[in-house]
Amino acid sequence: MSEQLDDYDLKILRTLQHNADYSMNELGDKIGLSHTPCWRRVKRLEEEGYIKQKISVLDAKKLKLNVSVHAYISILKHDEQSLLSFENSVNSVAEIVECYSITGDKDYLLRIVVSSVEAYESLLKKTLVHLPNVASVNSVFALKQVKYTTELPI
């Protein structure tokens with residue numbers, strides 16, 4: 001944990017992770033600060049990059065995005081330009097919601113969210129295998145989401 005963060009900063013971050021919709025007065029009440037010092041701390045945490053953005057977490061099932069797929073990607077060439085080309089192209093595919101460079105016998109792990117197995121098959125055939133420098137795609141379908149959180153353990 002950064003030495004720059006004190007207990008109030010950590011309380012702010014924990015509280016905002018749970019609900020970023022609090023007014024500054026509500027946030028201050030929850031962590032034990034008045035409006036102005038709380039506001040100053042939140043602004044500092046934003047400026048220093050601890051708070052990247054404030055978002056709403058949507059319910060994938062209600063949006064009929066019922067299929068979560070983890071795709072393991074093997075890359076043909078491992079030079080810097082080839083890897084950057086693949087990484088940059090991933091950002092243009094809306095269905096890819098997470099991408100990690102990983103260790104082991106695969107190079108990347110993608111988390112993909114789609115409406116159906118058929119939608120994934122189409123994405124695989126029309127998009128994933130055509131991303132720059134892709135040698136292979138191995139897909140694993142999630143049967144059930146047991147835990148999902150965006151909250152970091154601070």
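**Sheet, helix packing and largest pocket**

Let me start with the open sheet, whose four strands run in the order 2-3-1-4 with antiparallel pairing, where two strands pair if DSSP finds at least two bridges between them, and where helices (H or I, at least four residues) and strands (E, at least two) are DSSP runs numbered from the N terminus. This is a predicted model, in which local features need pLDDT of at least 70 and side-chain atom pairs count only at pLDDT 80 or more, whereas totals for chains, interfaces and linings use all residues. Residues are numbered from 1 along each chain as its sequence is written, and side-chain values use heavy atoms, with hydrogens and water left out.

At the edges of the sheet are strand 2 and strand 4 (134-141), each pairing on one side only. Strand 1 and strand 4 are joined in the antiparallel sense over seven bridges, and I73 stands opposite V137 in strand 4.

Turning to the helices, helix 1 and helix 3 (residues 35-47) pack at about 75°, with their axes 10 Å apart; axes are lines fitted to C-alpha atoms, for helices over the stretch in contact, and angles run from 0 to 180 degrees between N-to-C directions. The two helices are therefore roughly perpendicular to each other, a term covering 65 to 115 degrees. Among the residues making this contact (heavy atoms within 4.5 Å) are Y8 and I12 of helix 1 and C38 and V42 of helix 3.

Finally, 45 residues line the largest pocket, and helix 1 gives the most to that lining, with four residues. A pocket here is an open set of points on a 1 Å grid over the protein atoms alone, where a 1.4 Å probe fits, with protein on both sides within 12 Å along at least five of seven lines, and lining residues have an atom within 4 Å of a point.

Terms used:
Parallel < 35°, antiparallel > 145°, perpendicular 65-115°, else oblique.
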